[in-house]
Amino acid sequence: MIWSKYNIFFRLRLTDSLLRGILSMGAVISALVMLLIVIFLILESWSLLGRISPARFFTDTSWHPLEGAYHLMPMLAGTLYASTGALLLAIPLGIASALFIVYYASPRLAKWYKRLVELLAGIPSVVFGFWGLTTLVPLINQIHPPGASLLAAILILALMILPTITLTAYSALMAVPDEFLRNATALGLPRWGMIRGVAFPAARTGIVAGIILATGRAIGETMAVLMVAGNVVQYPDGLFDPIRTLASNIALEMAYAMGDHRAVLFVSGLLLMLMVMMLSGMAGWWGRGHRA
Amino acid sequence: MNPNKPVTAQAISSKEGGFTLGPLQMGPACCDPEPVIEVENLSLRYGDKTALDKVTLDIYRGCITALIGPSGCGKTSFLSAINRLTDLIPNCVIGGHIRVDGQDIHTTESNVQALRQKVGMVFQKPTPFPLSIRRNLSLPLCEYGVTRRSEIDAISEQVLRDVGLWDEVCDRLDTTALALSGGQQQRLCIARALTLRPKILLMDEPCSALDPMASGVVEDLISRLQGHYTIVIVTHNLAQARRIANYAAFFWVKERAAGQLIEFGRCQHIFESPTDPLTAAYINGTRG
C-alpha cells in the first residue's frame, strides 16, 4: 500500500466530514427537541392565552380553574419562597463543604467526604420525598402542626441541591492554578486570606454556574416537594404553613384537567420555563460582565 | 526590629526614610559584607529523596546573590526554604538552621507571616491574581492591616513607579491584571512583593518565561533594586548572573546524590577564577 500525502489527507477529510455530520446531527436534534417543547407549550396554552388577558393570572381572586378563576400568584410565591429558602441554606453549606474538601480536610477525609456528597447527588428525588414524608414531616409536626409545610419543602430542596453546589464549587476551586496559591502564601497571606482574596475570585464563575444550575433544579423540582409541602394553594404566613408550588400543581392536576383548566396548567409550565431561562440568561450576562 | 514581633500596619506603612527604594539606603552598602541570611548545614528531604545536603552559606545585605547550577540540584528548594514555602510540601523535612536577621526561622515560636513579610518571593511564571491591577497590590496590604484607601493608593503608586510600570498602567488600574503582557505581569508581581516592604527578595528564574526584550527590562529592574533590597536569584542564564550578581553560589548534583553547594564567592571570582574544577567546567559549558 502506498501512503501518499493525498491518501492521508483524503482519509482525514472523510473521517472529518463524517464526524462533523454526526455531531451536527446531534446538535440539530437537541435544538429541535427544545424548540418543539416550547412550541408545544405555547400551542397548548394558546387556547386560553388567546382569549384572556395574561394579567388575569396575577389579578384573579383565587385558584378555581373549573370556575374560571386562574390566580397563579400563590403558587408562584410558593415556588419562589421554597427555592429561595433552599438556596439560602444550600449555598453557604455547599460552598463551605467545597472549601472544606479542597483546603482543610486531610486527603483521606476529603476523598470520603466527596464520595458521600456524590452519593447524595445520586439519590432519586422520590426517595428524598419519601424520606421527607416519613421522617421530616412528622418531626416538624411535633414542633408545629401540620408538618407538611414550606419549611419541609425548603429543607428537602436544600438537601437536594446541596451536592450540585458542593460539587461544582469543588471543581471550580480545584481548577484554581497552584501558582496562585503559592504566590499568595509567599505574600504571607494566611489560608483564609488566600481563599477569600485569590481562590474565590478565580473560581467565582464556576461557583455561580453551579448555583444557577441548582436554582433551576429547585424551581423545577416536583415530586419531592409535592410529597412534603402540603399542597394548599395559599400565600404562606410562615415557615410552618403548607404551600403549593407551580411544578407540583401541574403534577397534581394534570391527570384530570380538561379544556381551559388543562390550558392554564400549560401556562404555568411556560411560566416555569421562562423563569429558568431568564435565570440562565442572567447568569450568562453576569459571567460575561465579570470576564471583561 | 524584633523579628518575633507580629507584623502591624505601622510596620509596613511607617514613613521612615520614604517608602520603597529606600529601606536599606541607610544600611551598610553591599561591599561591606554583613550577612542577613545565614544558612548553616541546611539539609532538605522530600520523603526519602534528599534534595539538599549540608549547605552552609551567608547571604549579604543589599547584594544580589545568584544561585547557579543545573536543574534538579536544589536551587529552588534552597530558595523556598528561606521563606518557609517548603511548609506547603507535605513530606518535606528540613535539617540545619536558617537565620534571617539573626533569628532562626524554623523554631516553633517564629512567626511565619512576619517572615514572609520580610522575605518576598517572585516566581518563574508571572502570576498576577485574576483581579484588577489595583486589587493585586492592595490584597497583601489589606491582609497586613493597611486599610486606609489613600495609604493603599500611595503605596501602590510608589511600588509601580519602582518597577517602572506606573506610566504604562496608571490609566487602567481597575482593569484586569491578566490583560498585561508577560513582562508587565512579572513586574507587577515584583511590585506586589514590594508592597509589604520586604528586606529580602527571592527570585526563582524571574526572566526565564519572558521574551528577550521583557527579560532585559526585568533584569535592569533587578539591578536597580540592588542596594535597596537583598536579592537571591536563581538563574540558568549564566550571562545574566554575571551581569547582575555580586555573589554567586554554584550548586551541583552528583549521580544519585543530593544537591550540594560546590562553591560560593564573589561573582567575579566564580566566573573568572573558580577554584573547583566542576565550577570551571560548568561555567565554560563543558559540563551540565
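Which residues of chain A does UniProt list for "domain: ABC transmembrane type-1"? The unreviewed entry gives residues 76-283 of chain A for it. Keep in mind that what you're looking at is a predicted model. Here's a quick tour, starting with chain A, moving on to chain B, and ending where the two chains meet.

**Chain A: what the UniProt record says**
- Along residues 76-283 of chain A, the span of that listed domain, the chain is 80% helix and 0% strand. The C-alpha atoms at the two ends of this span sit 21 Å apart.
- The unreviewed entry also has "transmembrane region" annotations for chain A, at residues 21-43, 80-104, 116-140, 152-176 and 263-286.
- Take residues 80-104 of chain A, one of those listed regions: the span is 100% helix and 0% strand, with 34 Å between its end C-alpha atoms.
- Residues 152-176 of chain A, also on that list, come out as 92% helix and 0% strand, and here the end C-alpha atoms are 36 Å apart.

**Chain A: its domains**
- The domain assignment splits chain A into domain 1 (5-51) and domain 2 (72-291).
- Going by C-alpha atoms, the centres of domain 1 and domain 2 of chain A are 31 Å apart.
- Where these domains touch, domain 1 of chain A brings seven residues and domain 2 of chain A brings eight residues.
- The side of domain 1 of chain A that touches domain 2 of chain A is made up of four nonpolar, two polar and one charged residues.

**Chain B: the overall picture**
- Chain B has 288 residues, and 46% of them count as buried.
- You'll find eleven helices and ten strands in chain B.
- If you look at contacts in chain B between residues at least 6 apart in sequence, 71% of them link residues at least 24 apart.

**Chain B: a hairpin to look for**
- Strands β1 (residues 35-46) and β2 (residues 49-60) of chain B run antiparallel and are joined by eight bridges.
- One pairing to pick out is Leu42(B), whose bridge partner in β2(B) is Val55(B).
- The hairpin of β1(B) and β2(B) has two residues between the strands, and Gly47(B) takes a positive phi near 60 degrees there.

**Where the chains meet**
- How many residues of chain B are in contact with chain A? There are 18 residues on the chain B side, in contact with 15 residues of chain A.
- Helices α3 (112-118) and α4 (133-143) of chain B each supply at least two residues of the side that touches chain A.
- By class, that side of chain B has ten nonpolar, four polar and four charged residues.

How values were computed
Residues numbered from 1 in each chain as written. Chains lettered and ligands numbered in written order. Predicted model: local features only at pLDDT ≥ 70, side-chain atom pairs only at ≥ 80, totals over all residues. Contact = placed C-beta atoms within 7 Å. Helix = DSSP H or I, 4+ residues; strand = E, 2+ residues; numbered from the N terminus. Nonpolar A, V, L, I, M, F, W, Y, C, P; charged D, E, K, R; others polar. UniProt positions renumbered as here; feature names shortened; annotations may be inferred. Domains from an automatic or database assignment. Pairing = 2+ DSSP bridges. Buried ≥ 20, exposed ≤ 12 C-beta atoms within 10 Å, placed from the backbone.
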